[in-house]
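Colleague: I would like a close look at a single part of this model. Please take one strand and work outward from there.

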Amino acid sequence: MMIPAPVEIRRVGTRALRVRWDDGHESDYSNRYLRDHCPCAACHERSRSLPIVGASARDIYPAQIGVVGRYAVGIGWSDGHDSGIYSYKTLRELCPCGHCTAPTARNTQVT
Ligand SMILES: [Zn+2]
Ligand SMILES: [Zn+2]
């Protein structure tokens, strides 16, 4: 299966990022949601025991966004955390839209 690649990433207001994919799909991720799903080892460890809570976590936003290699997006957060590398595949799987989260979406290859 071809993994879609982002063709555009931009901020939506101060709370979210929008990714436009090369298959035409658009994904809106809130900053908090993305950070909560940071795939780096440190965040994985932390999320098992101690989720980020409180006002400071809500205010975290992506300060830097860049392509890493050819298959991933790196996000540098406003609190200095910059080891989160989201592969295109991971990022797409995180898409919170109704289509991607529909129970059947994972199993069917629809248009
Ligand atoms: Zn992380
Ligand atoms: Zn989606």
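Modeller: What follows starts at strand β3, then moves to its sheet, the core and the rest of the chain.

This is a predicted model. Confidence comes before detail. The chain averages a pLDDT of 85, and 80% of the residues score at least 70. Confidence peaks in β3, at 97. The low point is helix α3, residues 55-59, with a mean of 60.

Now the strand itself. β3 covers residues 26-30, and its side chains alternate. Ser-27 and Tyr-29 point to one face and are buried. Glu-26, Asp-28 and Ser-30 point to the other face and are not buried.

Which strand does β3 pair with in its hairpin? It is β2, and there are 4 residues between the two strands. In the turn, Gly-24 has a positive phi of about 95 degrees. β2 spans residues 16-21 and runs antiparallel to β3, with 5 bridges joining them. Two of the facing pairs can be named. Arg-18 stands opposite Asp-28. Ala-16 has Ser-30 as its bridge partner. Asp-28 and Ser-30 both belong to the face of β3 that is not buried.

Next, the sheet around this hairpin. Its 3 strands lie in the order β1-β2-β3, in an open sheet with antiparallel pairing. β1, residues 6-12, and β3 are the edge strands, and each pairs on one side only. From one strand to the next, the twist averages 20 degrees. As a general point, strands of a sheet pair through backbone hydrogen bonds, either parallel or antiparallel.

Back to the buried face, and to Tyr-29. Why does Tyr-29 count as buried? The reason is a count: 23 other C-beta atoms lie within 10 Å of Tyr-29, and the cut-off for buried is 20 or more. Setting aside residues up to four places away in sequence, Tyr-29 touches Ala-16, Leu-17, Leu-34, Leu-94 and Pro-96. Ala-16 is also the bridge partner of Ser-30. Arg-15 is 14 residues from Tyr-29 in sequence, and their C-alpha atoms are 8.6 Å apart.

Tyr-29 leads into the core. The largest nonpolar core has 8 residues: Leu-17, Val-19, Tyr-29, Leu-34, Val-73, Ile-75, Tyr-86 and Leu-91. β2 and β5 each supply at least two of them. In soluble globular proteins, nonpolar side chains tend to be buried together.

Tyr-86 is another member of this core. Leaving out residues up to four places away in sequence, Tyr-86 touches Pro-39, Ala-72, Val-73, Ile-75 and Leu-91. Val-73, Ile-75 and Leu-91 are core members too.

That brings in the second sheet. It is open and antiparallel, with 3 strands in the order β4-β5-β6. β4 and β6, residues 84-87, stand at the edges with a single partner strand each, so one side of each has no neighbour in the sheet. Neighbouring strands here are turned by 25 degrees against each other on average, direction ignored.

Within this sheet, β4 (residues 62-68) and β5 (residues 72-77) pair in the antiparallel sense over 6 bridges. Ile-65 stands opposite Ile-75, and Ile-75 is part of the core. Pro-62 stands opposite Trp-77. β4 and β5 also form a hairpin, with 3 residues between the strands. Gly-69 takes a positive phi near 60 degrees in this hairpin.

For contrast with Tyr-29, take Thr-90. Thr-90 lies in helix α4, residues 88-93. Thr-90 counts as partly exposed because 15 C-beta neighbours lie inside 10 Å. Ile-3 is 87 residues away along the chain, yet the C-alpha atoms of Thr-90 and Ile-3 are separated by 9.9 Å.

Last, the whole chain. It holds 5 helices and 6 strands. From the N terminus on, the elements run β-β-β-α-α-α-β-β-β-α-α. Of the 111 residues, 13% are buried. Among contacts with a separation of 6 or more, 37% join residues 24 or more positions apart.

To return to the starting point: β3 is an edge strand, and Tyr-29 on its buried face belongs to the largest nonpolar core.

Note on methods: Residues are numbered from 1 along each chain as its sequence is written. Chains are lettered from A and ligands numbered from 1 in the order in which they are written. A residue is buried if 20 or more other C-beta atoms lie within 10 Å of its own, exposed if 12 or fewer, and partly exposed in between; C-beta atoms are placed from the backbone. Two strands pair if DSSP finds at least two bridges between them. Axes are lines fitted to C-alpha atoms, for helices over the stretch in contact, and angles run from 0 to 180 degrees between N-to-C directions. Two residues are in contact if their C-beta atoms, placed from the backbone, lie within 7 Å. A nonpolar core is a set of buried Ala, Val, Leu, Ile, Met, Phe, Trp, Tyr and Cys residues joined through C-beta atoms within 7 Å. pLDDT is the predictor's confidence in each residue, from 0 to 100.
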